[in-house]
Amino acid sequence: MSGILVIGEVQDGAIAPVSAELLAAARKLADEGVGGGISLAVMGDDLSGVSAAQAPGADSIVLISNPALKDGGTGGYDAPVLAVAALNESKSPDVILFAKTDFGAVAGPRLAFKLGVPVAQDCIDIAVDSETGRVAVTRPVFGGNALAVYGFNGDGTQIATIRPGVFDPIEGEGSGSVEEFDASEAVSEVRSTLVETVVQQSEGVRLEDADFIISGGRGLGGPEPFEQLQELADVLGGAVGASRAACDAGWVDHSYQIGLTGKSVKPTVYLSVGISGASQHMAGLSGARNIVAINKDGDANIFKSARFGVVGDWEKVLPAFTATVRDLAG
Ligand SMILES: Cc1cc2nc3c(=O)[nH]c(=O)nc-3n(C[C@H](O)[C@H](O)[C@H](O)COP(=O)(O)OP(=O)(O)OC[C@H]3O[C@@H](n4cnc5c(N)ncnc54)[C@H](O)[C@@H]3O)c2cc1C
């Protein structure tokens, strides 16, 4: 048993940025002593746009092409889990890494169940325990109020899902070898049929990739003000997010939610509007470089993390701010 198997995802036909982050996590483990090399598995029905150059840090790229793995394998979970289980049998890696995306957060535990091994979800750091030589992961606990370090029971494969945004991708172009893996026998065992995939089309930048995010909370009072947030996001080429309270109220879809049970983001500027800054919301902001807050309550928790803040009513502050930014942007 040796090596690190990184489960890649495909975005717009190429290896997704989040997979490049996983390769950086894998490289850290390799540098700390996990031997056997780093393999990146990429699944899909058409992998013609995938190349080793997109995967700096990988020693080898394993292409698993099969019609059942449509949409990079993320259209359903059975086929990719069966494909990775078959690859695991052939490679016997020490460690398997998924990104904690919509796909990885489900596929990782399913694979662990199938293999009968432990899984650690939502890790924000990963290292080799110098005493045991096994992997130790750091995870937020108690709603993001504390961090805990965990090891894996047994001596089998260690599976972890890594939170997006916590590792910086390795720069440059990859030069790993490329091999193909035939998973057709494994995926022929798929018993469920994917009837329909409903893709919510969002225009502009994805929250996970945005350099500027403006987020709204319960303090906005309803769904309409999100249009004003979108206006500023458009001026700055950013994306709109939300607190769970705003999503739970039905003002915006849950795909906007940032935090412990939502998305993790890493913008240069995160502008929160009418958000109190509960620890579960802040848990999604560990990668944000600068937090700016507009809140009418000067004691709101968000100000403890904010680099700049305005204590005031967003209805007065935001339109003036947007107008000024628009002027400056020309
Ligand atoms: C297990 C668990 C997981 C959770 N996961 C998440 C998560 O992933 N993401 C998340 O966001 N939350 C999450 N929560 C919920 C979290 O605890 C908070 O309840 C939530 O973040 C509060 O949202 P909010 O800040 O929008 O609302 P509130 O806490 O109600 O804050 C609203 C803020 O708006 C301000 N305000 C009101 N009117 C105005 C105005 N006119 N102008 C300016 N400011 C104004 C108020 O002063 C207040 O600070 C989770 C909770 C649990 C228990």
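# Two sheets, two domains and a ligand shell

The shell around the ligand is made up of 9 nonpolar, 14 polar and 6 charged residues. Here Ala, Val, Leu, Ile, Met, Phe, Trp, Tyr, Cys and Pro count as nonpolar, Asp, Glu, Lys and Arg as charged, and the others, Gly among them, as polar. The model is predicted: local features need pLDDT of at least 70, side-chain atom pairs count only at pLDDT 80 or more, and totals for chains, interfaces and linings use all residues. Residue numbers start from 1 along each chain, as its sequence is written.

## The ligand shell

Which residues come nearest to the ligand? Of the 29 around it, they are G217, G219, S243, R244 and G259. A residue belongs near a molecule or strand if its C-beta atom, placed from the backbone, lies within 6 Å of it.

Helices and strands are DSSP runs, numbered from the N terminus: H or I over at least four residues for a helix, E over at least two for a strand. Several of these elements supply at least two residues each to the shell: α6 (244–248), α7 (279–282), β16 (290–295) and α9 (314–329). The largest share, 3 residues, comes from α6.

## Two domains

The domain assignment splits the protein into domain 1 (4–187) and domain 2 (207–329). These bounds come from an automatic or database assignment. Taken over C-alpha atoms, the centres of domain 1 and domain 2 are 31 Å apart. Domain 1 puts 10 residues into the contact, and domain 2 puts in 12. Contact means that the C-beta atoms of two residues, placed from the backbone, lie within 7 Å. On the domain 1 side, the touching residues are 5 nonpolar, 4 polar and 1 charged.

## The sheet of 7 strands

Strands of a sheet pair through backbone hydrogen bonds, parallel or antiparallel. In this model, two strands count as paired if DSSP finds at least two bridges between them.

An open sheet of 7 strands runs in the order β7-β11-β6-β1-β4-β5-β12, with parallel pairing. Which strands sit at the edges? They are β7 (119–123) and β12 (177–180), each pairing on one side only. From one strand to the next, the twist averages 20°. Angles run from 0 to 180 degrees between N-to-C directions; axes are lines fitted to C-alpha atoms, for helices over the stretch in contact.

Helix α2 (residues 78–91) packs on this sheet. It touches β1 (4–7), β4, β5 and β6 (95–99), and its direction makes about 150° with that of β4. Between β4 and β5, M43 has I64 as its bridge partner.

## The sheet of 5 strands

An open sheet with parallel pairing has 5 strands in the order β14-β13-β15-β16-β17. Its edge strands are β14 (239–242) and β17 (308–311), and each pairs on one side only. Neighbouring strands are turned by 15° against each other on average, direction ignored. I214 stands opposite V240 in β14.

Two helices lie across strands of this sheet. Helix α5 (residues 225–236) crosses β13, β14 and β15 (269–273), running at about 175° to β13. Helix α9 lies across β15, β16 and β17, at about 130° to β16.

V317 lies in α9. Is V317 buried or exposed? It is partly exposed, because 16 other C-beta atoms lie within 10 Å. The cut-offs are 20 or more such atoms within 10 Å for buried and 12 or fewer for exposed, with partly exposed in between; C-beta atoms are placed from the backbone. Not counting residues up to four places away in sequence, V317 touches I294, V310 and G312. V317 and V273 are 44 residues apart in sequence, yet 9.8 Å apart in space, C-alpha to C-alpha.

## A hairpin and a loop

Strands β9 and β10 form a hairpin with 4 residues between them, and F142 takes a positive phi near 50° there. R139 stands opposite A148 in β10. Strand β10 is hardly covered: among its 6 residues, the count of buried ones is 0.

G154 sits in the loop between β10 and β11 (158–162). It counts as exposed because it has 10 C-beta neighbours inside 10 Å. G154 and R206 are 52 residues apart along the chain, with 39 Å between their C-alpha atoms.

Three of the strand pairs are set out here.

| Strand | Partner | Sense | Bridges |
|---|---|---|---|
| β4 (residues 38–44) | β5 (residues 60–65) | parallel | 6 bridges |
| β9 (residues 135–141) | β10 | antiparallel | 6 bridges |
| β13 (residues 212–216) | β14 | parallel | 4 bridges |
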